[in-house]
Amino acid sequence: MEPSGARLRSRKGLGGEQEEQPSEEGNAEVHRAPDLVQWTQHMEAVKTQLLEQAQGQLVELLDRAMREAVKCYSQQDRTLHSIPADSLSKIREPSLGKRKVFITRKSLLDELMEVQHFRTIYHMFIAGLCVFIISTLAIDFIDGGRLGLELDLLIFSFGQLPLALMTWVPMFLSTLLVPYQALRLWARPRASSTWILGAGMGCALLAIHVSVLCVLPVHIAREHHLPPASRCVLVFEQVRLLMKSYSFLREAVPGTLSAREGKSTWAPSFSSYLYFLFCPTLIYRETYPRTPSIRWNYVAKNFAQALGCVLYACFILGRLCIPVFANMSREPFSTRALVLSILHATLPGIFILLLIFFAFLHCWQNAFAEMLRFGDRMFYRDWWNSTSFSNYYRTWNVVVHDWLYSYAYQDGLWLLGGRARGAAMLGVFLLSAMGC
């Protein structure tokens with residue numbers, strides 16, 4: 001038997017352990033929350049580090065692929081230089097590395113809208129515009145007892161729109177029928193006795209077509225004094241149809257001539273040309289990547305956003321720009337008044353520029369691309385990250401830039417023998433300035 005003192009000490013020891021156990025559990029619960037916070041911070045740091053490493057490896061992989069592609073194209077150029085000059089002079093098609101490649105992809109803003117934080121910025125921008133309109137209308141109602149929605153400016157800007165649309169019909173019919181018919185006349189066998197007559201008729205038809213597109217909209221706009229928006233519709237369609245006509249002839253003529261000489265059987269189809277006239281690109285291809293179906297809710301959303309941008313732009317013009325320049329016209333001209341007017345119009349001008357970009361290059365283009373199931377939606381790139389004017393001009397409007405690069409710049413280099421790159425760039429700049 002154990003002594004009573006030993007048993008008493010053992011009981012006290014067990015009691016002490018039992019009393020210390022709840023205190024240890026309490027300390028564990030107290031330290032558990034700081035440990036969880038530290039673990040979360042550690043995981044966030046690990047996530048950031050992994051993303052940075054993955055981005056670095058991806059950039060390195062893309063750079064390596066670009067270097068290999070450049071080496072491959074340089075080897076192709078060497079093989080082309082080994083071809084006789086006579087055969088090279090007959091080739092008008094650019095190399096595959098310089099041709100526009102269409103792939104199925106979303107617009108950049110659609111991809112960014114999938115990120116929750118970017119959608120927050122988008123909603124904040126819309127909320128800011130709504131607050132601006134509501135506050136302005138409230139001030140007008142309190143001061144003058146009326147609501148000035150600036151609908152008069154919108155109605156005036158799009159005045160005589162039916163006349164502009166009626167003028168567009170012969171422009172479109174000329175673009176639809178004349179280039180394709182001229183191509184068919186040129187595609188006849190040269191041995192035929194009527195080939196010279198057909199080629200002459202094709203050239204005459206193209207001259208009439210260019211005259212119609214150049215003269216008709218200008219005459220209608222000047223004769224009937226079309227308002228600004230209706231005039232812009234005609235001018236934009238005039239430039240678009242001219243660019244599409246040149247693109248179709250530029251891409252289709254070499255293949256048609258090769259087919260006529262028996263070197264290939266390729267010839268453009270009328271359905272592909274009709275699709276090209278409506279699809280949101282200026283580069284002609286026989287086929288384009290297509291999406292599997294049409295999302296009509298997406299089409300309606302983009303058209304509604306485009307209409308909202310037009311209403312916002314009219315409201316900003318009527319409230320912030322027109323009053324400034326109206327007051328300037330009543331006062332004698334001075335450098336101070338001019339500088340103040342420009343400074344007052346700077347911020348509204350930036351807002352209108354963003355609205356025009358979002359309405360036309362994103363909403364309008366994506367709506368038509370969705371209705372036509374056009375797969376390549378790269379109508380612009382991240383121009384807001386540009387650090388130079390050259391990069392800004394390349395990324396602001398990819399649709400026009402692709403046409404200028406493919407036809408104005410490359411054809412200029414071809415005409416100049418591939419040496420005077422500065423002259424070709426200057427020609428592209430002047431052509432772009434005349435188009436604007």
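1. Welcome to this predicted model. A good place to begin is Arg 373, which is partly exposed, with a relative accessibility of 30%. You will find Arg 373 in the loop that joins α11 (335-371) and α12 (389-396). Its backbone deserves a glance too: phi of Arg 373 is near 60°, a positive value in a residue that is not glycine.

2. Next, please look at His 225, in the loop between α7 (195-223) and α8. Here phi is near 50°, again positive in a residue other than glycine. His 225 counts as exposed because its relative accessibility, 61%, is over the 50% cut-off.

3. From that loop, move into helix α8 (residues 228-260), where Ser 245 has its place. Is Ser 245 buried or exposed? Its relative accessible area is 4%, under the 20% limit, so Ser 245 is buried. The side chain of Ser 245 reaches the backbone oxygen of Leu 241 at 2.8 Å. Leaving aside residues up to four places away in sequence, Ser 245 touches Thr 175, Pro 179 and His 209.

4. Finally, turn to helix α6 (residues 161-186) and helix α9 (residues 270-278), which pack at an angle of about 145° with their axes 11 Å apart. The crossing of α6 past α9 is right-handed. On the α6 side, the contact is made by Phe 172, Thr 175, Leu 176, Pro 179 and Tyr 180; α9 brings Phe 270, Tyr 273, Leu 274, Leu 277 and Phe 278. Nine of these contact residues are nonpolar and one is polar, with no charged residue among them. Thr 175 and Pro 179 of α6 may look familiar, since Ser 245 touches them as well.

Definitions and conventions:
Residues are numbered from 1 along each chain as its sequence is written. This is a predicted model: local features need pLDDT of at least 70, side-chain atom pairs count only at pLDDT 80 or more; totals for chains, interfaces and linings use all residues. Side-chain values use heavy atoms; hydrogens and water are left out. Axes are lines fitted to C-alpha atoms, for helices over the stretch in contact, and angles run from 0 to 180 degrees between N-to-C directions. Helices (H or I, at least four residues) and strands (E, at least two) are DSSP runs, numbered from the N terminus. A crossing is left-handed if the near helix is turned anticlockwise from the far one by less than a right angle, and right-handed if clockwise. Contact means heavy atoms within 4.5 Å. Ala, Val, Leu, Ile, Met, Phe, Trp, Tyr, Cys and Pro count as nonpolar, Asp, Glu, Lys and Arg as charged, and the others, Gly among them, as polar. Buried means under 20% relative accessible area, exposed over 50%, partly exposed in between (1.4 Å probe, protein chains only). A polar contact is a pair of N or O atoms within 3.5 Å; within protein, one must be able to donate a hydrogen and the other to accept it, and residues adjacent in sequence count only if both atoms are side-chain atoms.
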